[in-house]
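This report describes two ligand sites, the residues that line them and the nonpolar cores of the protein. It begins with a single histidine and works outwards from there.

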Amino acid sequence: MKRMLSGIKPTGELHLGSYIGALKQFVKYQDDYEMFAFIANLHCITVPQEPEVLQKNLHDCVALYLACGLDPKKATIFLQTDVPAHATLGYIMCCHTYMGELNRMTQFKDKQAKGEKNLSGGLYTYPALMAADILLYDPSYVPVGEDQKQHVELTRDIAQRMNNRYGDLFTVPEPLVGKVGARIMSLTDPTKKMSKSDGINKGCIYLLDDLKAARKKVMGAVTDNLAHVHYDPENQPGISNLMQIYSSLNNDRPFDEIEKEFEGKGYGDFKCAVADSVCELLESIQTKYNEICNSDIIEKTLQQGAEKANVIANEKVKKVQKAIGMEIVK
Ligand code: AMP
Ligand code: TRP
């Protein structure tokens with residue numbers, strides 16, 4: 001069975017974009033691949049965090065992995081810092097990544113361009129750590145949203161560079177970006193990605209949002225005055241975004257079918273249908289989330305996941321250190 005690995009960095013609450021772009025994909029693939037899904041808490045601290053808030057977000061991230069359908073019997077679910085090899089290989093990767101490459105990474109460039117002050121060194125070198133996260137486990141595929149594709153491509157470059165220099169150390173992974181839903185946009189500004197950094201913004205639906213609030217956000221989504229449900233991201237970005245959400249929550253229903261279903265109907269009807277699908281999803285996730293929070297499944301899952309991940313990751317770090325010449329005893 002081929003391996004697949006991905007992670008989420010819960011610097012805020014998980015939202016519909018994280019679900020459609022990432023979580024839903026992890027769940028879909030867990031039957032056909034050996035799945036590794038981790039919580040990237042080292043990545044979280046690349047931007048300032050309030051300790052209590054971070055702790056809650058990490059807890060909720062595991063609970064939501066499970067509530068969305070990741071099964072600890074099938075997938076290995078773990079916390080990044082429970083596997084210290086991530087930090088070790090992360091440092092080694094940093095030493096094999098050029099500053100020129102890091103300078104080209106759009107996430108850092110965007111923050112810099114916005115004039116954000118006191119950006120950390122960790123944020124700058126974050127893609128090297130992400131390469132380590134991946135290469136430790138030799139996955140064939142890395143399912144991610146569109147915004148992370150560039151980081152997986154850098155990971156491929158680093159893997160190839162090290163394989164050429166030291167012999168075959170790593171499987172060169174491929175990013176797996178969904179055709180629909182790889183970039184869910186904000187409901188209030190469909191030219192911007194739906195993002196957890198939106199705070200209490202009306203444009204972002206959090207997976208733990210109250211159902212009434214979520215419905216209100218969908219009904220208030222920005223659309224256009226063309227008055228027909230049609231997939232055209234260029235001219236109808238708001239409607240196209242709602243169509244992506246609707247399609248993704250209804251077994252990837254093709255856009256032309258959705259267009260037919262709502263032919264001659266107003267945007268109100270369409271928004272109602274989208275809101276129903278969103279609320280149905282949230283209700284099911286939240287029911288499971290509450291059960292999970294009232295059990296000891298989180299601790300058990302993380303313990304079991306870390307045990308398995310540590311064996312694989314430690315072996316890989318040893319192999320890499322040996323190949324580089326960092327070990328003294330052969
Ligand atoms: P993050 O929460 O930033 O660690 O992202 C977790 C995963 O969700 C990554 O694979 C992202 O690419 C994906 N993701 C985040 N926001 C969105 C969005 N608005 N649309 C689609 N995928 C997203
Ligand atoms: N950088 C990813 C994000 O912000 C999270 C992440 C960290 C990740 N390490 C990873 C995703 C390894 C896939 C594989 O969304």
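## A histidine beside the second ligand

In this predicted model, His 43 is in contact with Lys 9, Gln 80, Tyr 126, Leu 129, Met 130 and Asp 133, once its neighbours within four places in sequence are left aside. The residue belongs to helix α2, which spans residues 41–44. His 43 counts as buried because its relative accessibility is 3%, and the cut-off for that class is under 20%. One of its contacts is polar, since the side chains of His 43 and Asp 133 are joined at 2.7 Å, which falls within the 3.5 Å limit for such a pair.

## The site of ligand 2

Several of the residues that touch His 43, among them Lys 9, Tyr 126, Met 130 and Asp 133, are also listed with Gln 148 as the nearest of the 14 residues around ligand 2. Three side chains place polar atoms close to nitrogen atoms of this ligand: an N or O atom of Tyr 126 is 2.5 Å from a nitrogen atom, a polar atom of Asp 133 lies 2.7 Å from a nitrogen atom, and a polar atom of Gln 148 lies 3.0 Å from a nitrogen atom. Ligand 2 has 360 Å² of accessible area on its own, of which the protein covers 92%.

The shell around ligand 2 draws at least two residues each from β1 (3–8) and α7 (121–135), and α7 makes the greatest contribution, with four residues. Sorted by class, this shell holds eight nonpolar, four polar and two charged residues.

## The site of ligand 1

Ligand 1 is surrounded by 18 residues, of which Lys 9, Asp 147, Ile 184, Met 194 and Lys 196 are the closest. Oxygen atoms of this ligand are approached both by backbone and by side-chain atoms: a backbone N or O atom of Lys 9 lies 2.8 Å from an oxygen atom, a backbone N or O atom of Gly 145 lies 2.9 Å from an oxygen atom, and a polar side-chain atom of Asp 147 lies 2.4 Å from an oxygen atom. Taken alone, ligand 1 exposes 490 Å², and the protein buries 96% of that area.

Helix α1, formed by residues 16–29, gives the most to the shell around ligand 1, with four residues. By class, the shell of ligand 1 comprises six nonpolar, seven polar and five charged residues.

## The nonpolar cores

The largest nonpolar core has 63 residues, and within it Tyr 65 and Phe 270 touch the most other members. Helix α12 (residues 267–293) supplies the largest share of this core, with eleven residues. Tyr 65, for its part, touches Gly 7, Ile 8, Leu 23, Phe 26, Ala 37, Phe 38, Ile 39, Leu 70 and Ile 77, not counting residues up to four places away in sequence. Another core, of 35 residues, lies apart from the largest one and includes Ala 132, Ile 134, Val 142 and Phe 170.

## A buried isoleucine in helix α8

Ile 158 lies in helix α8, which runs over residues 149–166, and is buried because its relative accessible area is 0%. Beyond residues up to four places away in sequence, Ile 158 touches Met 93, His 96, Thr 97 and Ala 131. The C-alpha atoms of Ile 158 and Ala 132 are 9.6 Å apart in space, while the two residues are separated by 26 residues in sequence.

Key
Residues numbered from 1 in each chain as written. Chains lettered and ligands numbered in written order. Predicted model: local features only at pLDDT ≥ 70, side-chain atom pairs only at ≥ 80, totals over all residues. Heavy atoms only, no water. Buried < 20%, exposed > 50% of the residue type's maximum accessible area, 1.4 Å probe, protein only. Contact = heavy atoms within 4.5 Å. Core = buried A, V, L, I, M, F, W, Y, C linked by side-chain atoms within 4.5 Å. Near = heavy atom within 4 Å. Polar contact = N/O pair within 3.5 Å; in protein donor to acceptor, adjacent residues only side chain to side chain. Areas by Shrake-Rupley, 256 points an atom, 1.4 Å probe, with all protein chains shown as cover. Nonpolar A, V, L, I, M, F, W, Y, C, P; charged D, E, K, R; others polar.
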